[in-house]
Amino acid sequence: MQVLKAAPSGCPCLVLNADFRPLSYYPLSLWPWQDVIKAVFLDRVDVVSTYDQVVHSPSFEMKLPSVVSLKNYVTQDRPPAFTRFNLFLRDGFTCQYCTRGDDLTFDHVIPRSRGGRTTWENIVTACARCNLAKGGRTPHEAHMHPRHRPRRPSAYELQDRGRKFPPHHLHESWLDYLYWDIELEA
């Protein structure tokens, strides 16, 4: 991970909830500078930190925000949507049979041909090789059992797992608001 002193390309802005925690870790809650300027003028956010870059019109000048916080708290207790991305995030982007992380797809633990449904409780991340090897068999028949029992994660669990995958670059003004599961340098 690289910490940038200059603004990242496009000057994205880190968006924090009203409690000063990021709305999302993975993907990181970033807004384009144009949306942030609009939110500032509509009085929906407070500017916490700025870049050195300035935008201006004939009668107005403003430093581009690098961190903003929402004025109204957005609750995040909704159950997460069942999407491929969230499924991969729940399973740590690894095959639940062999732990590889490439060529990922998803597998019905109980095959659809046997009445298995496409739900959090019956789908796991699998690499293409393991998915093909398991085929239309049950884990018992294939002698392939997932490392973790599939279940619906909470929004908090997905946020926590997302912290394990920091982006390739962060602006230094964001660091006080992000808590990544990485080793700190002395």
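Arg-152 lies in the loop between α4 (139-142) and α5. The model described here is a predicted one. With a relative accessible area of 42%, Arg-152 is partly exposed, because that value falls between the 20% limit for buried residues and the 50% limit for exposed ones. Leaving aside residues up to four places away in sequence, Arg-152 touches Pro-79, Pro-80, Trp-120, Glu-121 and Glu-157. One of these contacts, Glu-121, is 31 residues away from Arg-152 along the chain, yet the C-alpha atoms of the two are separated by 6.3 Å.

## The open sheet

Four strands form an open sheet in the order β3-β2-β5-β4, and their pairing is mixed. The edges of this sheet are β3 and β4, each of which pairs on one side only. Helix α1 packs on the sheet and touches β2, β3, β4 and β5. The direction of α1 makes about 90° with that of β5.

The pairings of β5 illustrate what "mixed" means here. Strands β2 and β5 run parallel and are joined by three bridges. Strands β4 and β5, in contrast, run antiparallel and are joined by nine bridges. In addition, β4 and β5 form a hairpin, with two residues between them.

The pairings of three strand pairs in the model are set out below.

| Strand pair | Bridges | Direction |
|---|---|---|
| β2 and β5 | three bridges | parallel |
| β4 and β5 | nine bridges | antiparallel |
| β6 and β7 | five bridges | antiparallel |

Which residue of β5 stands opposite Leu-16? The residue is Ser-69, which lies in strand β5. Ser-69 is also the bridge partner of Asp-46. Ser-69 is buried, with a relative accessible area of 3%. Its contacts, not counting residues up to four places away in sequence, are Leu-16, Asn-17, Phe-20, Arg-44, Val-45, Asp-46 and Val-48. Both Leu-16 and Asp-46 are thus found among the residues that Ser-69 touches.

## Helix α1 and its two sides

Helix α1 comprises residues 33-41, and its buried residues are Val-36, Ile-37 and Ala-39. Why do these residues lie on the same side of α1? They cover an arc of only 160° around the axis, and therefore share one side of the helix. A general property of helices is helpful here: an α-helix has 3.6 residues a turn, so residues three or four places apart point the same way.

The buried residues of α1 are covered by elements that include β2 (13-16), β3 (30-31), β4 (45-57) and β5 (60-70). The face turned away from the buried side carries the exposed residues Lys-38 and Phe-41. Just after α1, Asp-43 takes a positive phi of about 60°.

## Strands β6 and β7

Is strand β7 largely enclosed or open? Five of the five residues of β7 (residues 123-127) are buried, so the strand is largely enclosed by the rest of the structure. Both of its faces are covered. On one side the buried residues are Ile-123, Thr-125 and Cys-127, and on the other they are Val-124 and Ala-126.

Strand β7 runs antiparallel to β6 (residues 104-108), to which five bridges join it. Within this pairing, Thr-105 has Ala-126 of β7 as its bridge partner.

## The loop between α2 and β6

Two residues of the loop between α2 and β6 have a positive phi. Phe-93 is found in this loop, and its phi is near 55°, a positive value in a residue other than glycine. Thr-99 lies in the loop between α2 and β6 as well. The phi of Thr-99 is near 70°, again a positive value in a residue other than glycine. At 38% relative accessibility, Thr-99 counts as partly exposed.

## The largest pocket

Empty space can be examined as well as atoms. Rolling a probe the size of a water molecule over the atoms shows where such space is left. The largest pocket holds about 820 Å³ of space. It is lined by 27 residues, of which the closest to its centre are Leu-23, Ser-24, Gln-76, Ala-155 and Gln-159.

Helices α2 (84-90) and α5 (155-162) each supply at least two residues of this lining. Which element gives the most to the lining of the largest pocket? Helix α5 does, with five residues.

Terms used: Residues are numbered from 1 along each chain as its sequence is written. This is a predicted model: local features need pLDDT of at least 70, side-chain atom pairs count only at pLDDT 80 or more; totals for chains, interfaces and linings use all residues. Side-chain values use heavy atoms; hydrogens and water are left out. Buried means under 20% relative accessible area, exposed over 50%, partly exposed in between (1.4 Å probe, protein chains only). The arc is that of the directions from the helix axis to the C-beta atoms. Contact means heavy atoms within 4.5 Å. Two strands pair if DSSP finds at least two bridges between them. Axes are lines fitted to C-alpha atoms, for helices over the stretch in contact, and angles run from 0 to 180 degrees between N-to-C directions. On a 1 Å grid over the protein atoms alone, a cavity is a set of points where a 1.4 Å probe fits but cannot get out, and a pocket is an open set with protein on both sides within 12 Å along at least five of seven lines; lining residues have an atom within 4 Å of a point. Grid points are joined across faces, edges and corners, and a volume is the space filled by probe spheres set on the points.
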